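Biologist: I would like to take a close look at one part of this model, namely its charged side chains and how they pair. Please take me through it slowly, as you would for someone in a first year of study.

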Amino acid sequence: MSLKKTASYENPHAIFADKRDEWEWRVLKCYKAAKSEERDQYARWFCGVSSPYTFGGYDLGDTYRAEV
């Protein structure tokens, strides 16, 4: 499985959730290999993000790996 191919938010590569604050990040694409990401504080992922501010939907965009 290649994480460089863009997945849909229904079938993401990974899901990270903070149930306390009702945030969910669905990783749809990684731009670097995992070993490279660990050394790069600016490594980014393309994500679908759901929060109390998206009213049940997802906002799509890049986010830093470190923020997730």
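How many positive and how many negative side chains does the protein have, and how far apart do the centres of the two sets lie?

Modeller: Please keep in mind that this is a predicted model. The protein has 11 positive and 11 negative side chains, and the centres of these two sets lie 10 Å apart. Side chains of opposite charge can pair when their charged atoms come close. In this structure there are six salt bridges, and before we go through some of them it helps to have the overall layout in mind.

The protein contains one helix and four strands, and from the N terminus on these elements follow the order β-β-α-β-β. With a radius of gyration of 12 Å, close to the 11 Å that the globule rule gives for 68 residues, the protein is as compact as a globular protein of that length. Along the principal axes, the C-alpha trace spans about 35 × 20 × 15 Å. Of the 68 residues, 28% are buried, while the accessible surface comes to about 5000 Å², with 50% of it belonging to carbon and sulfur atoms.

Now to the pairs themselves, beginning with Asp40 and Lys32, whose side chains meet in a salt bridge with 2.5 Å from N to O. Asp40 is partly exposed, because its relative accessibility is 23% and the buried class covers values under 20%. Lys32 is partly exposed as well, with a relative accessible area of 36%.

A second salt bridge joins Arg65 to Glu37, and here the closest N and O atoms are 3.4 Å apart. Arg65 lies in the segment after strand S4 (59–64), whereas Glu37 belongs to helix H1 (residues 34–39), so this pair ties together parts that are 28 residues apart in sequence. The two partners also fall into separate classes of accessibility, since Arg65 is partly exposed at 32%, whereas Glu37, at 5%, counts as buried.

Both Glu37 and Arg65 are also touched by Ala43, whose contacts, leaving aside residues up to four places away in sequence, are Glu37, Thr63, Tyr64 and Arg65. Ala43 sits in the loop between H1 and S3, and with a relative accessible area of 2% Ala43 is buried. By contrast, the C-alpha atoms of Ala43 and Trp23, which are 20 residues apart along the chain, are separated by 20 Å.

A third salt bridge is the one in which the side chains of Arg44 and Asp62 meet, at 2.6 Å from N to O. This pair links distant parts of the chain, with Arg44 in strand S3 (residues 44–50) and Asp62 in strand S4, 18 residues apart. Arg44 is partly exposed, having a relative accessible area of 37%, and Asp62, at 42% relative accessibility, is also partly exposed.

Finally, Asp18, Arg20 and Asp21 are linked with one another in a network of salt bridges. To set the pairs against the wider pattern of contacts, consider those between residues at least 6 apart in sequence: 28% of them join residues at least 24 apart.

Notes
Residues numbered from 1 in each chain as written. Predicted model: local features only at pLDDT ≥ 70, side-chain atom pairs only at ≥ 80, totals over all residues. Heavy atoms only, no water. Salt bridge = Lys/Arg side-chain N within 4 Å of Asp/Glu carboxyl O. Buried < 20%, exposed > 50% of the residue type's maximum accessible area, 1.4 Å probe, protein only. Helix = DSSP H or I, 4+ residues; strand = E, 2+ residues; numbered from the N terminus. Contact = heavy atoms within 4.5 Å. Rg over C-alpha atoms; globule rule 2.2 N^0.38 Å. Areas by Shrake-Rupley, 256 points an atom, 1.4 Å probe, with all protein chains shown as cover. Lys, Arg positive; Asp, Glu negative; His and termini not counted. Charge placed at Lys NZ, Arg CZ, Asp CG, Glu CD.
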